[in-house]
Amino acid sequence: MYRNFSIVPNIIFGRGAFSQLGAVIAPRRITKGSYFVFVVDDVFEGKPLESRLPIEGNDLLLRVNVDDEPKTGYIDLLVERIRNYSEIIPDGIVGIGGGSTMDIAKALALMLDNPGSSADYQGWDLIQNPSVYHVAVPTLAGTGAEISRTTILTGPVKKLGINSDHTLFHQILLDPELIADVPKDQWFYTGMDCYIHDVESLQGTFINEFSRAYGEKSIDLCRQVFLEDHPDKDDKLMMASYFGGMSIAYSQVGACHALSYGLSYVLGTHHGLGCCIAFDCLEEFYPEGVREFRQMMEKHGINLPKNLTIDMDDKALDLMVTTALALVPLWENCLGPDWEKLMSRERTLELFKKM
Ligand code: NAD
Ligand code: ZN
């Protein structure tokens, strides 16, 4: 059976497009007495971007902190804050930030009209009621969160997304000017998330012409951004992120992402950095990709943290291995249907010990 999947229906791309945000959401201000919630990464507190927000009437500015990547407890708390702010469900949510903030915006849009805790919906297609209208404005490029049908959350028992068609943004606004001031390391780690999506998609067993078309364009753009010098590199990276996300939407990621989930669940390592650390140890899986990745690191003077797992006890390492191996589709994409014969707990542990 082929999957029938939805994609984001409305997209604006271009330098300065952020100034159109007010006009874009205006037709969605439909309910009398309602409001929009602007979910903004608190890194922008007091910065010029905040003063450009098209805030009107009862709109709520909700600054969010992403020092830790989104947890279900944090989502539930923010839902509570919005419900305390008004009895009316907002007409819309606008998420402005990197992958973490976009995922928070998606989760809030889902949870405002669905009962219970966000942890109840970690999984596939568990959401019953449609989401509130929600918009993404990325300020970091690479995760593909702007176009994916998931919001990745760490819950009490697992790190797993709320995957559903309702999770998809209704509108995305891609303005390359917004990613110009990202600190270099973060720019690199999040950009490499995209590069790794492409490698894992293109070299996976699930590959098909749909995913290849997007993946090849995305990896080509990543090479231009990270190995060459172009004045419009921010435009290129933004489109690479979008195309990389489209590529994995119809294929899957692989070994690197499975291992990075282990790092993130047990050590709290952030997604982009965790992917870089894991990928650097995966020469035997992706020899050419890892070689090129190291060229990119060298060109940009990136030094990855080392010995993350050196002081960990057996129990914590064991949990990491279990977390990584639970991601069955990722291993299946990487190694084929017989992946379990190839990927023992011992081999997984050895990889973690290198990190
Ligand atoms: P992030 O959103 O976690 O942000 C990383 C850091 O960069 C934060 O400190 C943030 O404040 C800062 N930042 C963001 N924009 C900035 C800007 N313009 N200038 C200066 N600082 C800025 O980073 P990310 O790599 O974009 O996202 C990672 C998150 O995305 C993880 O939570 C991961 O699970 C999630 N993710 C989601 C998907 C999906 O499909 N939903 C896919 C991949 C990753
Ligand atoms: Zn990723």
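Modeller: Before you ask anything, a polar contact here is a pair of N or O atoms within 3.5 Å. Also keep in mind that this is a predicted model.

Colleague: Okay, how far is an oxygen atom of ligand 1 from the polar backbone atom of G99?

Modeller: A pair of N or O atoms has to lie within 3.5 Å to count as a polar contact. G99 is listed with D41, S100, S148 and T190 as the nearest of the 26 residues around ligand 1. From its polar backbone atom to an oxygen atom of the ligand, the distance is 2.7 Å.

Colleague: And which residue puts a polar side-chain atom 2.8 Å from a nitrogen atom of ligand 1?

Modeller: Don't mix this one up with T190, whose polar side-chain atom sits 2.8 Å from an oxygen atom of the ligand. For the nitrogen atom, the partner at 2.8 Å is T139.

Colleague: How much of ligand 1 does the protein bury?

Modeller: Picture the ligand taken alone, exposing 870 Å². Put the protein back, and the share of that area it buries is 90%.

Colleague: Which element gives the most residues to the shell around ligand 1?

Modeller: The elements giving two or more residues are α4 (99–111), β7 (150–154) and α5 (184–202). With 4 residues, the top contributor is α4.

Colleague: Where does ligand 1 lie relative to the domains?

Modeller: Look at who supplies the shell: domain 1 (10–179) gives residues, and domain 2 (184–354) does too. Because both contribute, ligand 1 lies between domain 1 and domain 2.

Colleague: On to the metal: what spacing do the donors of the zinc ion (ligand 2) follow along the chain?

Modeller: The zinc ion is coordinated by D193 (OD), H197 (NE2), H257 (NE2) and H271 (NE2), at 2.0 to 2.2 Å. Along the chain, those donors give the spacing D-x3-H-x59-H-x13-H.

Colleague: Is the site of the zinc ion regular or irregular?

Modeller: Four donors count as tetrahedral if all angles lie between 85 and 135 degrees. Here the angles among the 4 donor atoms run from 87 to 167°, and the site is irregular.

Definitions and conventions:
Residues are numbered from 1 along each chain as its sequence is written. Chains are lettered from A and ligands numbered from 1 in the order in which they are written. This is a predicted model: local features need pLDDT of at least 70, side-chain atom pairs count only at pLDDT 80 or more; totals for chains, interfaces and linings use all residues. Side-chain values use heavy atoms; hydrogens and water are left out. A residue is near a molecule or strand if one of its heavy atoms lies within 4 Å of it. A polar contact is a pair of N or O atoms within 3.5 Å; within protein, one must be able to donate a hydrogen and the other to accept it, and residues adjacent in sequence count only if both atoms are side-chain atoms. Accessible areas come from the Shrake-Rupley method with a 1.4 Å probe; for residues, only the protein chains shown count as cover. Domain bounds come from an automatic or database domain assignment. Donors are N, O and S atoms within 2.8 Å of the metal (3.2 Å for Na, K and Ca); water is not among the atoms, so sites may look incomplete. Four donors count as tetrahedral if all angles lie between 85 and 135 degrees; four count as square planar and six as octahedral if opposite donors are over 155 degrees apart and all others between 65 and 115; anything else is irregular.
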